[in-house]
Amino acid sequence: MNQLITIENNELITIKGATRVASSTQAQAVVDTESNTIIISGSGIEVKKLDLDGKEVSFSGKFSNLKLSSLNAEKMPLLKRIFR
């Protein structure tokens, strides 16, 4: 399943395709999907909806950064990533 990230008025982020919420604090949330890890940074971040059976999670707050990290890149050895 592909992921879909929706940002509404920089105050609500919805991620469809979520398989796990690895962590969530007021400053950062980390969400895993089948192919990526999504890192959301900002302030006042709160989980508004958590439905892992439906693979959907929503966060509210003030967002400053959204980073996608490929799971395949993280599993690759460090030297291989440096010398590609």
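This briefing walks through the confidence, the sheet, the salt bridges and a few individual residues of the structure above. The model is predicted, and its average pLDDT is 87. Its strands include an open sheet of 6, paired in antiparallel fashion. By the distance rule used here, the protein has 5 salt bridges, and a nonpolar patch on the surface is formed by Val47, Leu50 and Leu52.

**Confidence**

- Of the residues, 82% reach a pLDDT of at least 70.
- Strand β2, residues 12-16, has the highest confidence, at 96.
- The lowest confidence belongs to helix α1, residues 71-75, where the mean is 55.
- A friendly word of caution: where pLDDT is low, predicted coordinates should not be read in detail.

**The sheet**

- Reading across the open sheet, the strand order is β1-β2-β6-β5-β4-β3, and the pairing is antiparallel.
- The edges are taken by β1 (4-8) and β3 (18-24); each has a single partner strand, so one side of each has no neighbour in the sheet.
- On average, neighbouring strands of this sheet are turned by 40 degrees against each other, with direction ignored.
- Strand β2 and strand β6 (residues 56-70) run antiparallel and are joined by 5 bridges.
- For lysine 16, the bridge partner in β6 is glutamate 56.
- As background, the strands of a sheet pair through backbone hydrogen bonds, in either a parallel or an antiparallel way.

**Salt bridges**

- In general, side chains of opposite charge can pair when their charged atoms come close.
- Lysine 62 and glutamate 11 meet through their side chains in a salt bridge, at 3.3 Å from N to O. This pair links distant parts of the chain, 51 residues apart: lysine 62 sits in strand β6, and glutamate 11 in the loop between β1 and β2.
- Lysine 62 is partly exposed, at a relative accessible area of 48%, and glutamate 11 is also partly exposed, at 41%.
- Arginine 20 pairs with aspartate 32 in another salt bridge, where the closest N and O atoms are 2.9 Å apart. Here too, distant parts of the chain are linked: arginine 20 belongs to strand β3 and aspartate 32 to strand β4 (residues 28-33), with their positions 12 residues apart.
- Arginine 20 counts as partly exposed, at 46% relative accessibility, whereas aspartate 32 is buried, because its relative accessible area of 13% falls under the 20% cut-off.
- Glutamate 46 forms a salt bridge with lysine 48, and their closest N and O atoms are 3.5 Å apart.
- Glutamate 46 is partly exposed, at 41% relative accessibility, while lysine 48 counts as exposed because its 52% is over the 50% cut-off.

**Strand β5: a surface residue and a buried one**

- Together, Val47, Leu50 and Leu52 offer about 240 Å² of accessible area in their nonpolar surface patch.
- Valine 47, a member of that patch, lies in strand β5, which covers residues 36-51.
- The relative accessibility of valine 47 is 39%, so this residue counts as partly exposed.
- Isoleucine 38 also has its place in strand β5, but isoleucine 38 is buried, with a relative accessible area of 0%.
- The C-alpha atoms of isoleucine 38 and leucine 66 are separated by 7.0 Å, although these residues are 28 apart along the chain.

Methods. Residues numbered from 1 in each chain as written. Predicted model: local features only at pLDDT ≥ 70, side-chain atom pairs only at ≥ 80, totals over all residues. Heavy atoms only, no water. pLDDT = per-residue confidence, 0-100. Helix = DSSP H or I, 4+ residues; strand = E, 2+ residues; numbered from the N terminus. Pairing = 2+ DSSP bridges. Axes fitted to C-alpha atoms, helices over the stretch in contact; angles between N-to-C directions. Patch = residues over 30% accessible without salt bridge, like charges linked within 9 Å, V, L, I, M, F, W, Y side chains within 5 Å. Areas by Shrake-Rupley, 256 points an atom, 1.4 Å probe, with all protein chains shown as cover. Salt bridge = Lys/Arg side-chain N within 4 Å of Asp/Glu carboxyl O. Buried < 20%, exposed > 50% of the residue type's maximum accessible area, 1.4 Å probe, protein only.
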